[in-house]
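Student: Hi! I've just opened this one and don't know my way around yet. Could you walk me through it?

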Amino acid sequence: KPSGKPKNFPPSPPTLPIIGNFHQLGQLPHRNLHLLAGKYGPLMLLHFGSVPVVVASSAEAAREIMKTHDLNFGSRPVYKAYKKLLYDCKNVSAAPYGESWRKAKGIFVLQLLSNKRVQSYRWIREEETALLVKKIEECCSSSSSGGGRAAAPVNLTRLFSELSVAGICRSAFGESENGKKFVESMTELMEQLGTINVGDFIPWLSWISRVNGFDKRVERVAKDMDYFLEGVIQEHLENPEKAGNNSESFVHILLRNYSSDASSIDRERIKALVQDVVVGGTDTISSVLEWVMTELLRHPNVMEKLQNEVREIVGGKSIVTDDDLAKMDYMKAVIKETFRYHMPAPMLLPRVADKDVKIMGYDISAGTMVMTNAWAIGRDPDLWDEPEKFDPERFLNNTKNKSMDFRGLDFELIPFGAGRRGCPGISFAAATIEFVLANLMLKFNWETQGKDLDNTESSGLTAHRATPLFAVATRSI
Ligand code: HEM
């Protein structure tokens, strides 16, 4: 006979047979789930097929999950394709909570992505930003000298993607040929990681991915990736000094950590971890750069204020230093506001409840998947005045927001998640975004091509612009 009180589960929207609430997600789940939360509250219980999924949509709910009960939500759900594509989840981001995740996360936080290491990659940021500036200059008008060619619009989406991929890959692989090939096949990997595979949620429909060719495509991509990553490791073993230019590559550091001698290298794990860094760090950084420039173009007064700040602080120097960046308070406010308004990963990464637990007075059963709608928290009118307005001043004038940061301590703004499973790449990302943005503001004046910019987002794990961002640049000096 069952004992105990009846369970008090979070409120649930009605479900359809078999698919549960899948039909309510649409192309942009963060927006649709935000609307649903308006009706059912900050903690909802949904069903994706037969899988129970709790959606948290307030700072309080997020704090309970990622702080109060962080340990209980320390694992990620396991998807069939992820096992194939991510070396049986031997990486950090998809790994179950446990000893091998802990060791790898420690290496990420303390060695690969520490502040000191991020500083040591400054030369890569400088070279890649110089290349970006050169590419933009090539599009600039030469008409000032009279009768020259008109400015060509710059495809900022493409340039930001090239920059973030190159920045991460050079840090990860050094100058590796196989590394470059790995990157070329990454688009497909990202697509497959962002695909919802019905069989993961409705097990008796798992044959669909076999019949529609998805499983075969996953196998092919996994094989291609492995071939290139294996090549990267081989290159490093055969020619250790080649990849270590002014700083050590991630592959070097991992090889040192996972082998006491060449015969005992945990190859699979090293490949999984390098892949993790590239997957985690490229699309996210380029999405932030894309949105920050979008909002600056939509708000010329904000752009002007930022340009004035950057130009005043940098003065006549040709290079932006880390000391300069530290003084740019308005730029930091612009970046925070971009995170609030355009969460790069709007639903963060899902977690799984290890044991039964109570959140905000509701029962959550072991095995329930938990998603946090960080995008909805950024638009919560109880937390933010005029949340639909893009206004960096809110981080400068409002005393409550002034000290707020995005590093996982203030649950009102959690683009990088929080707690044990929080993002280890925050310093790497912030250093890149600040350096690139300061240079774009220092060296160019910017305008749209005369039309209003469309703000529609793409679907997928990372919310990019649905259409590429084009802008016209002129040299500022
Ligand atoms: C703007 C840039 C970035 C954003 C918005 C972002 C966002 C996130 C989010 C939301 C999570 C999940 C956190 C959670 O569950 O609480 C995460 C995890 C992770 N990120 Fe990032 N990230 C960014 C850049 C990077 C970079 C540059 C790297 C590496 C170079 C990286 C590597 C990872 C890894 C390995 C994890 C998994 C951590 C774990 O499961 O323990 N990310 N990131």
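Tutor: Happy to! Let's start with the ligand: 30 residues surround the ligand, and the closest are Arg76, Lys105, Arg351, Arg421 and Cys423. Keep in mind that this is a predicted model.

Student: What kinds of residues make up the shell around the ligand, by class?

Tutor: The shell around the ligand has 18 nonpolar residues, along with 7 polar and 5 charged ones.

Student: And which helices supply at least two residues of that shell?

Tutor: Look at α4 (99-112), α15 (267-298) and α22 (426-443): each supplies at least two residues of the shell. The one that gives the most is α15, with 6 residues.

Student: How far is the side chain of Arg351 from an oxygen atom of the ligand?

Tutor: An N or O atom in the side chain of Arg351 is 2.6 Å from an oxygen atom of the ligand. For Trp101, a polar side-chain atom lies 3.1 Å from a ligand oxygen. With Val92 the backbone is involved: one of its backbone N or O atoms lies 3.5 Å from an oxygen atom of the ligand.

Student: Back to Arg351. What is its bridge partner in β7?

Tutor: Its partner there is Val370. Arg351 falls within β4, which covers 351-352. Strand β4 is joined to β7 (residues 369-372) by 2 bridges, and the two strands run antiparallel.

Student: In what order do the strands of that sheet come?

Tutor: The order is β1-β2-β7-β4, so to speak from one side to the other, in an open sheet of 4 strands with mixed pairing. At the edges are β1 (43-48) and β4, each pairing on one side only.

Student: What holds paired strands together in general?

Tutor: Strands of a sheet pair through backbone hydrogen bonds, either parallel or antiparallel.

Student: Which strands does helix α2 lie across?

Tutor: Helix α2 (residues 59-68) lies across β1, β2, β4 and β7, and runs at about 130° to β7. Helix α1 (residues 29-40) lies across β1 and β2 (51-56), at about 125° to β1.

Student: Okay, new topic. What about the sheet with β3 in it, how is the pairing there, parallel or antiparallel?

Tutor: Antiparallel: 3 strands form that open sheet, in the order β3-β9-β8. Its edge strands are β3 (154-155) and β8 (444-447), and each of these pairs on one side only.

Student: How many bridges are there between β8 and β9?

Tutor: There are 4 bridges between β8 and β9 (residues 470-475). For a pair you can find on screen, Phe444 stands opposite Arg475 in β9. The helix α22 packs on this sheet and touches β8 and β9, with its direction at about 90° to that of β8.

Student: Switching again: how many salt bridges does the count come to?

Tutor: The count comes to 33 salt bridges. One of them joins Glu219 and Lys84, with the closest N and O atoms 3.5 Å apart. That pair links distant parts of the chain: Glu219 sits in helix α12 (residues 214-238) and Lys84 in helix α3 (residues 80-85), 135 residues apart.

Student: Last one! Where does Leu348 sit?

Tutor: Leu348 is in the loop between α18 (329-341) and β4. Its phi is positive, about 50°, although Leu348 is not a glycine. Ile18 has a positive phi too, near 65°, and Ile18 lies in the segment before α1.

Methods: Residues numbered from 1 in each chain as written. Predicted model: local features only at pLDDT ≥ 70, side-chain atom pairs only at ≥ 80, totals over all residues. Heavy atoms only, no water. Pairing = 2+ DSSP bridges. Contact = heavy atoms within 4.5 Å. Axes fitted to C-alpha atoms, helices over the stretch in contact; angles between N-to-C directions. Near = heavy atom within 4 Å. Polar contact = N/O pair within 3.5 Å; in protein donor to acceptor, adjacent residues only side chain to side chain. Nonpolar A, V, L, I, M, F, W, Y, C, P; charged D, E, K, R; others polar. Salt bridge = Lys/Arg side-chain N within 4 Å of Asp/Glu carboxyl O.
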